[in-house]
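Reader: I should be grateful for a close look at a single part of this model. Please keep the account connected.

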Amino acid sequence: MPIFGFRATRIFCFCSCLIVTMLVGCGLDRLQPELPDLVTGLSLTQLEEIQDDERLTDDEKRQAIRDAVGAPETDEGDRLVEFLFTFNVP
């Protein structure tokens with residue numbers, strides 16, 4: 001008799017966890033937290049506008065990003081600009 005109670009308890013716990021997991025997962029994809037700005041002086045919206053501007057060449061887009069964030073003409077500034085240039089805006 002104790003074995004049956006133990007199995008029933010395990011099955012109940014498993015099913016409960018499964019149901020709770022399914023319920024918790026429902027609707028969470030609708031929560032879209034607002035992302036903060038990446039860098040002071042450049043919002044995600046502005047970055048996306050620069051990236052999507054078809055009139056600009058890649059070098060002009062990089063320069064626009066550099067001007068917006070005030071990145072220096074150093075290796076660190078180049079890495080920051082390249083990161084922002086290739087960043088996939090959600």
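Which residues make up the largest nonpolar core?

Author: In this predicted model, the largest nonpolar core consists of 11 residues: L42, L44, L47, I50, I65, V69, A71, V81, L84, F85 and V89. Helix 2, helix 3 and helix 4 each contribute at least two residues to this core.

Helix 4 merits particular attention. Its 12 residues, 75-86, should span 16 Å at 1.5 Å a residue, and the C-alpha atoms at its ends are indeed 16 Å apart, so the expectation and the model agree. Within helix 4, the buried residues are G77, V81, L84 and F85. They lie on the same side of helix 4, because they cover an arc of only 105 degrees around the axis. The other side of helix 4 carries the exposed residues D75, E76, R79 and T86. As for the partners of the buried residues, these pack against helix 2 (44-52) and helix 3 (58-69).

One of the core residues, V89, touches several others: setting aside neighbours within four places in sequence, V89 is in contact with L44, L47, E48 and Q51.

A charged residue also deserves mention. K61 is located in helix 3. K61 is buried but has no salt bridge. The nearest side chain of opposite charge belongs to D58, 4.4 Å away, whereas a salt bridge requires a distance within 4 Å. With neighbours within four places in sequence again left aside, K61 is in contact with I50, Q51, D53, L56 and F85. Of these contacts, I50 and F85 are also listed among the residues of the core.

Conventions
Residues are numbered from 1 along each chain as its sequence is written. This is a predicted model: local features need pLDDT of at least 70, side-chain atom pairs count only at pLDDT 80 or more; totals for chains, interfaces and linings use all residues. Side-chain values use heavy atoms; hydrogens and water are left out. Helices (H or I, at least four residues) and strands (E, at least two) are DSSP runs, numbered from the N terminus. The expected span of a helix is 1.5 Å times one less than its number of residues. Buried means under 20% relative accessible area, exposed over 50%, partly exposed in between (1.4 Å probe, protein chains only). The arc is that of the directions from the helix axis to the C-beta atoms. Contact means heavy atoms within 4.5 Å. Lys and Arg count as positive and Asp and Glu as negative; His and the chain ends are not counted. A nonpolar core is a set of buried Ala, Val, Leu, Ile, Met, Phe, Trp, Tyr and Cys residues joined through side-chain atoms within 4.5 Å.
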